[in-house]
Each structure stands twice: as C-alpha cells, then as structure tokens.
Amino acid sequence: MTDGAVTEVARVLVAADKFKGSLTAVQVAERVTAGLRRVVPELEVETLPVADGGDGTVAAAVAAGFERREVTVTGPVGDSVTAAFALRGTTAVVEMAEASGLQLLPAGVFAPLTATTYGSGELLRAALDAGATTIVFGVGGSATTDGGAGMLAALGARFLDAAGEPVGPGGAALAELASADLTDVDPRFADVDFVLASDVDNPLTGPKGCAAVYGPQKGASPKDVETLDAALGHYARVLEKAIGPKAAELAASPGAGGAGGIGYGALLLGASFRPGIELMLEVLGFAPALERATLVITGEGSLDEQTLHGKAPAGVAAAARAAGKEVVAVCGRLALPPETLGAAGIRRAYPLSDLEPDPAKSIPDAGPLLEQVSANIARDFLS
C-alpha cells in the first residue's frame with residue numbers, strides 16, 4: 001500500500017459539495033465513485049452529497065432520501081418561478097436561493113436595489129402547508145438585500161409608507177417605510193422548530209453588514225451599498241417601534257446579515273441560528289455514514305480561505321477528524337498550503353488543476369478530470 005493507505009476492508013464515504021459552475025454535488029459523487037472503481041472495482045462506496053445551506057441544499061437533501069416538492073412562487077424580480085423544497089416526514093429543508101437566488105436572474109443582470117425575498121416567504125408557507133413542524137432554512141446565494149421584508153410580507157406582515165401604502169419591493173424601498181405590523185404573520189411559526197442554517201455570522205448593517213460585505217456580489221455600486229445599508233438601518237428602527245428592543249438586538253445578532261438580511265427576517269420569525277454545514281450534516285444523516293467509513297472524500301470547486309469559514313469540506317473534515325477517520329479532498333483549484341489543509345483535518349487534496357491548469361478547459365471537462373484524480377486517490381490510499 002502507498003501513502004498511508006487504509007489497512008482494514010475499505011469503505012469510502014464521498015461527502016462533497018458541488019463544483020460551482022460545473023458539477024452538482026450528486027455529479028461529483030458519481031464521478032468520484034467511478035474513478036475509485038477504475039482502480040478497485042469491488043470497492044464499497046457510500047455517497048452523501050452535502051451542502052452548507054446555500055444553493056444546492058435541497059438537492060443534497062433529496063439525494064439523502066427527502067422528497068422533492070415543487071411550487072410556483074415569486075422570483076427575485078417579480079416573475080413567477082418554480083422552486084423546490086425537500087420534505088421527509090415532518091421535516092422540511094427550504095433553500096431561499098430556490099426562490100430568491102442569483103441563479104434566477106438572467107446572466108449578467110442584477111437588481112441590487114429592488115430584488116425581493118417574497119418568494120422565499122411563499123416557499124416557507126408551502127412547507128408549512130405540507131405539514132412541516134421542523135423547518136431547516138438554508139440561506140445563501142441570494143439576489144436580494146431586503147432584510148427579509150419581502151419574505152415577511154408574504155407571510156402576513158405589513159410594511160407601509162407614510163401614505164399607508166405597501167412599500168415597494170427590495171431593500172432600497174425600505175427607506176420609505178413608515179410603519180411595520182407583524183401581528184398577522186402566519187401563526188404556525190409559533191409551533192415550528194425553525195432553524196436558520198447559514199455559513200455567515202454577519203449582522204444586518206454596518207461595515208460587516210449584508211449590504212457592505214455582500215452587496216457588491218449582487219451588482220451594488222458603492223452608492224447602492226450606502227443606500228441599502230441606510231435603508232436596512234431605518235427598517236430595523238421602524239421594527240423596533242413596532243415590536244420593541246428585540247428588533248435591534250436581532251439586527252446585531254450573528255446570522256442576521258445572511259443572504260441579504262433574510263437571516264434577520266428569519267430571526268424575527270423565531271428562528272434559531274446554526275452554522276449551515278453543522279446542521280445539514282445532522283439532517284442528512286452524516287454521523288452513521290461516517291461510522292461505516294474507513295476513508296472520507298470531501299471537496300468543492302475551490303479549496304481556499306473561504307473553505308475554512310464554515311464551508312462544507314471544513315465541516316466534513318472536522319467531524320471526520322473527531323471520529324478518527326482519514327480525509328482527503330477533491331477540488332477544481334487549490335489555494336491552501338498542505339499545513340493549512342492538515343490543520344483543517346484534510347490529509348491531502350487532489351485539484352483538477354494539477355491535470356489541466358487552464359480553467360477554460362478544466363471547467364467543461366470537470367467530470368472526466370475528477371474521475372482521473374479519484375483514480376489517483378484509489379492508487380494512493382486504497383490499492
């Protein structure tokens with residue numbers, strides 16, 4: 001055996017996230033499995049596609065045995081879109097990006113001031129209608145910066161301007177907010193275990209708030225960022241008049257700035273905040289799968305500094321290390337030195353860029369390249 005290969009009868013757990021822009025998490029698992037079995041044809045492989053709460057979370061839940069449910073909701077710019085949530089028993093996994101995500105906008109088109117989370121509220125309501133009593137709300141990949149106001153409005157909240165008319169969609173319109181009323185918000189939330197799954201701990205406003213940190217990714221200019229941050233601050237102050245000091249406390253809480261401030265809206269609904277990957281590993285049944293494994297393969301498109309801050313591979317590696325399991329990673333590109341990988345619990349990483357350094361070629365050929373690097377993992381650790 002080579003490279004410290006597994007000595008007991010090998011059973012590999014593939015628990016990787018998507019390679020954004022090229023392969024879904026399910027496709028990553030399929031390609032890794034195919035590559036491993038090129039070298040060890042009878043190898044036992046268990047696949048558990050993972051996600052950290054952002055886009056791809058519903059797909060990961062469905063791959064783990066949840067039922068996919070589809071519903072028509074309002075998209076981020078007001079058009080109708082088909083969005084999905086996942087249901088198993090009375091547990092629903094709802095992904096805000098399905099209703100309010102950047103991927104729903106035309107390529108190169110952004111709406112930083114006007115994009116709404118209204119459809120995310122409709123998606124939550126659909127989960128309640130389906131009988132969910134536990135809702136895992138994954139946030140990330142949003143097109144929006146409206147503080148969750150659209151979501152809350154879809155659930156019965158009223159946000160009115162000085163003339164008593166509903167304010168327009170999006171974060172900028174919140175500057176015109178004169179009064180807020182949450183008394184008619186769907187009462188079922190009082191009896192639901194509602195959990196906000198996010199990999200960011202930003203507050204709602206300020207230099208680390210959602211507009212300043214994430215607004216530019218959604219097309220916001222520096223002036224737009226100022227407009228949005230001021231409007232969100234005003235929104236929180238109006239809510240403080242409506243519901244008391246809790247509104248200000250929640251605006252400053254970790255996770256309030258998640259996905260353009262929809263985290264704030266979720267906290268106002270009574271959600272508890274948990275790191276996305278930690279929560280998703282629980283929901284997906286990672287612990288028993290880990291117990292059965294002798295080697296764990298994780299990964300995502302880019303292993304970099306962001307990976308270490310709550311992304312799926314870091315969560316998988318931390319859990320595997322705690323269980324005494326060896327972990328290797330696959331990725332499109334690698335931007336972490338071996339010592340940093342080791343400190344995160346990853347023995348070795350296998351980037352596609354080692355085989356094809358040109359991203360213009362690597363991205364469309366990610367599947368075959370991933371099979372090749374996975375065959376190398378089998379040679380190094382399993383043969």
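**Strand pairing and salt bridges**

Ser198 has Pro275 as its bridge partner in strand β10. The model is predicted. The pairing of Ser198 and Pro275 belongs to the contact between β9 and β10. These two strands pair in the parallel sense, over four bridges. Strand β10 covers residues 272–275. Strand β9 also pairs with strand β6, which spans residues 134–138. That pairing is likewise parallel and runs over five bridges. Within it, Val136 stands opposite Val195 of β9. Strand β9 thus has β6 as one partner and β10 as another.

The burial of β9 was examined next. The strand comprises residues 193–198. Five of its six residues are buried, so β9 is largely enclosed by the rest of the structure. The cut-off for this class is a relative accessible area under 20%.

Salt bridges were then searched for across the whole structure. The search returns 19. One of them joins the side chains of Glu44 and Arg11, with an N to O distance of 2.4 Å. This pair links distant parts of the chain. Glu44 lies in strand β2 (residues 44–47), whereas Arg11 lies in strand β1 (residues 11–14). The two residues are 33 residues apart. Glu44 has a relative accessible area of 40% and is therefore partly exposed. Arg11, at 23%, is partly exposed as well. Both residues belong to a network of salt bridges. Glu46 and Arg292 are its other members.

A further salt bridge involves Arg274 and Glu278. Their side chains meet at 3.0 Å, N to O. Arg274 is partly exposed, with a relative accessible area of 21%. Glu278 also counts as partly exposed, at 41% relative accessibility.

Asp380 and Arg348 form another salt bridge. Their closest N and O atoms are 3.0 Å apart. Asp380 sits in helix α15 (residues 366–381) and Arg348 in strand β13 (residues 348–351), so the pair ties together parts that are 32 residues apart in sequence. Asp380 counts as buried, because its relative accessibility is 18% and the cut-off is under 20%. Arg348, at 34%, counts as partly exposed. This salt bridge therefore joins a buried residue, Asp380, to a partly exposed one, Arg348.

Key: Residues are numbered from 1 along each chain as its sequence is written. This is a predicted model: local features need pLDDT of at least 70, side-chain atom pairs count only at pLDDT 80 or more; totals for chains, interfaces and linings use all residues. Side-chain values use heavy atoms; hydrogens and water are left out. Buried means under 20% relative accessible area, exposed over 50%, partly exposed in between (1.4 Å probe, protein chains only). Two strands pair if DSSP finds at least two bridges between them. A salt bridge is a side-chain nitrogen of Lys or Arg within 4 Å of a carboxyl oxygen of Asp or Glu.
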